[in-house]
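Here are some questions and answers for a reader who is new to this structure. Please look at the sequence and the model first.

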Amino acid sequence: MSAVVGTEILAAPASFVPNLFVTVLFGTVTLLAIYHFWFQSLHYVKLSKNIPGPTPLPFVGNALMAIGVSPIEIMQKVLDIHKELKSDVAKIYIGPKLYIGLTDPRDVELILGSHVHLEKSWEYKLFEPWLGEGLLISKGDKWRTHRKMIAPTFHSSILKSFMPVFNKNALSLLNQLEKVKGQIFDVHDYMSGTTVDILLETAMGVKKTEEDNTGFEYAKAVMDMCNILHLRHYKVWLRPAFIFKWTKMASEQIKFLEIIHSLTRKVIKRKKEDYFVRVSAGEASLYKEAVKAEEANNKVNEKTENYKYIRDDLEDIEENDIGEKKRLAFLDFMIEASQTKGNKLTDEEIKEEVDTIMFEGHDTTAAGSSFVLSLLGIYEHIQNKCIAELQEIFHDDWHRPITFSDTLQMKYLERVIMETLRLYPPVPVISRQINEDIKLVSANYTVPAKATVLISQYLTHRHPKYWKNPTVFDPDNFLPENCQERHYYAYFPFSAGPRSCVGRKYAMLKLKVILASILRRYIIISTKKEEDFRLQGDIILKRADGFCVRMEERVLS
Ligand code: HEM
């Protein structure tokens with residue numbers, strides 16, 4: 001009896017297992033089929049069906065291609081996919097989220113030139129613990145009002161007054177470089193520290209003390225933060241906060257943000273103290289005059305806006321310049337604005353904008369100048385042309401401070417910088433959230449609402465249809481006669497249109513002073529060829545192999 005019972009008991013699971021297996025299999029297939037039909041019925045999926053791209057898997061899309069891939073490899077992987085697809089429009093899915101890459105300038109213009117597609121994509125949200133809702137990320141009215149306040153604080157009339165600070169810091173940089181003369185070293189470390197110091201003294205109006213090493217520490221923390229954000233961008237499983245918080249990176253992020261924010265807090269505190277000292281000494285507020293000047297300026301802009309196609313709001317501000325002396329530098333303006341009755345600028349908003357300007361203003365120029373030096377070290381004939389131009393400008397007075405009008409004569413150096421930013425754009429990709437369908441120009445495709453558009457300066461700047469020898473470093477690409485016929489959106493290292501970089505004139509001026517100062521003192525020699533550069537696009541484009549150069553004293557004949 002017991003044996004029979006035992007047999008019955010044992011026999012039951014044997015027939016039950018296949019049933020369970022079939023049920024689970026059937027259930028899974030049904031769920032997949034429902035998901036598939038639901039997914040295929042989505043507006044953005046239907047509309048983007050014919051756009052080429054790697055085949056996505058259900059649920060995860062193409063996200064798995066990031067598994068085990070290092071930050072250096074991911075850039076190469078994306079470039080390989082682009083090469084394989086041979087298309088100016090390409091799609092990729094991360095889970096159910098659709099990303100569309102555009103490389104043709106005519107399509108790029110539809111996005112960047114528009115006053116509608118201004119919203120940054122979700123990926124920028126990962127910056128929020130660092131930059132809050134600063135200008136880079138904010139949207140709607142907040143972005144518009146802050147942009148109107150901040151853009152004029154980088155106007156040429158203010159930039160001219162920064163020349164002594166640029167010169168002083170360039171000299172201090174030369175003295176630091178003296179210590180590594182004749183050795184192979186990573187020039188990026190020096191460019192980072194110097195650009196932070198310059199930003200603090202110009203845009204923030206805070207003097208650095210000799211023993212202060214915050215510039216270097218800050219720059220290092222920014223680089224480490226960028227590494228984390230980049231990893232979270234492409235390893236999408238690290239995106240959700242509830243997963244990220246259990247990783248080692250989360251505790252590191254807290255440490256890096258403390259270094260970054262303690263500098264910005266210190267800067268704002270010092271500046272506020274200065275302000276109250278000035279006010280208690282009975283000095284008049286410069287803010288009201290500055291606002292009056294800006295309002296008059298904006299009225300002129302409103303009048304022109306109706307009939308003039310505006311490519312870039314900064315151009316407009318330049319054209320309608322008034323009130324040379326009335327403008328205030330960035331942080332002076334923000335502090336004065338916050339203290340003026342009726343102004344709604346809060347302390348938190350000031351902090352967000354200071355963090356944004358400090359980040360955008362230093363890492364980009366540090367990378368840009370390091371690429372210029374690497375390239376000049378490789379192409380000796382181009383470096384010699386720069387020297388010939390500098391000799392024309394400075395004649396026998398080779399060591400005197402550089403003036404604003406000298407920089408206007410540095411046409412060849414300007415072309416070298418522009419060509420460097422073409423091949424190695426410090427911001428290699430930008431993205432936008434699309435909220436309505438956009439019919440493209442380059443091909444018969446529509447970017448559907450809800451897609452995220454990726455626009456890569458790196459790829460468009462090397463587009464063979466728009467550049468003669470796309471991968472050859474040739475500053476003559478920017479001779480006026482060679483620019484005339486080229487599409488305006490074939491080159492946009494500073495982005496373009498209403499959301500373009502507010503600091504681009506500042507950046508160009510600073511780069512000219514720093515680079516001309518280095519070239520006057522040193523011969524630059526690179527230890528590697530361009531094809532040996534190992535690029536890493538972690539938010540800001542860098543050389544993963546380091547920006548290694550050697551500098552020797554220049555003896556002029
Ligand atoms: C070579 C140097 C620089 C390059 C290549 C560069 C590039 C860019 C690019 C591509 C954008 C658009 C980013 C996006 O849409 O995601 C941008 C935005 C911005 N940049 Fe720069 N930048 C440089 C220097 C600077 C400097 C020196 C400052 C300030 C001192 C600055 C401040 C900003 C700000 C505040 C924005 C956000 C503008 C907005 O969304 O309205 N940048 N920059």
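**Strands, ligand shell and loops**

Q: In which sense do S1 and strand S2 (residues 97–102) pair?
A: Strands (E, at least two residues) and helices (H or I, at least four) are DSSP runs, numbered from the N terminus. Two strands pair if DSSP finds at least two bridges between them. S1 and S2 have six bridges, and Ile-92 stands opposite Tyr-99 in S2. The sense of the pairing is antiparallel.

Q: How is this model to be read, and what is the pLDDT limit for side-chain atom pairs?
A: Residues are numbered from 1 along each chain as its sequence is written. The model is predicted: local features need pLDDT of at least 70, totals for chains, interfaces and linings use all residues, and side-chain atom pairs count only at pLDDT 80 or more.

Q: Which strands are the edges of the open sheet with the order S1-S2-S7-S4?
A: This sheet has four strands with mixed pairing. The twist averages 25 degrees from one strand to the next, with axes as lines fitted to C-alpha atoms, for helices over the stretch in contact, and angles from 0 to 180 degrees between N-to-C directions. Each edge strand pairs on one side only, and the two are strand S1 (89–94) and strand S4 (429–433).

Q: At what angle to S7 does helix H4 (residues 105–112) run?
A: Helix H4 lies across S2, S4 and strand S7 (452–456). Contact between two residues is taken as C-beta atoms, placed from the backbone, within 7 Å. The angle of H4 to S7 is about 125 degrees.

Q: Which helix gives the most residues to the shell around the ligand?
A: A residue is near a molecule if its C-beta atom, placed from the backbone, lies within 6 Å of it. Of the 23 residues around the ligand, Glu-360, Gly-361, Thr-364, Cys-501 and Gly-503 come nearest. The elements that give two or more residues are helix H16 (347–378) and helix H22 (504–521). With seven residues, the one that gives the most is H16.

Q: Is Cys-501 buried or exposed?
A: The unreviewed UniProt entry lists Cys-501 under "binding site"; such annotations may be inferred rather than shown by experiment. Cys-501 is in the loop between helix H21 (480–483) and H22, and it touches Phe-494 and Ser-495, not counting residues up to four places away in sequence. A residue is buried if 20 or more other C-beta atoms lie within 10 Å of its own, exposed if 12 or fewer, and partly exposed in between, with C-beta atoms placed from the backbone. Because Cys-501 has 22 C-beta neighbours inside 10 Å, it counts as buried.

Q: Which residue in S11 is the bridge partner of Ile-524?
A: Strand S11 (residues 548–553) pairs with strand S3 (residues 184–186) in the antiparallel sense over three bridges, and there Asp-186 stands opposite Cys-548. Strand S8 (residues 522–526) and S11 also pair in the antiparallel sense, over five bridges. In S11, the partner of Ile-524 is Met-551.

Q: What is the phi of Lys-86 near?
A: Most residues other than glycine have a negative phi. Lys-86 is in the loop between helix H3 (71–85) and S1, and it is exposed because 8 other C-beta atoms lie within 10 Å. Its phi is positive, near 50 degrees.
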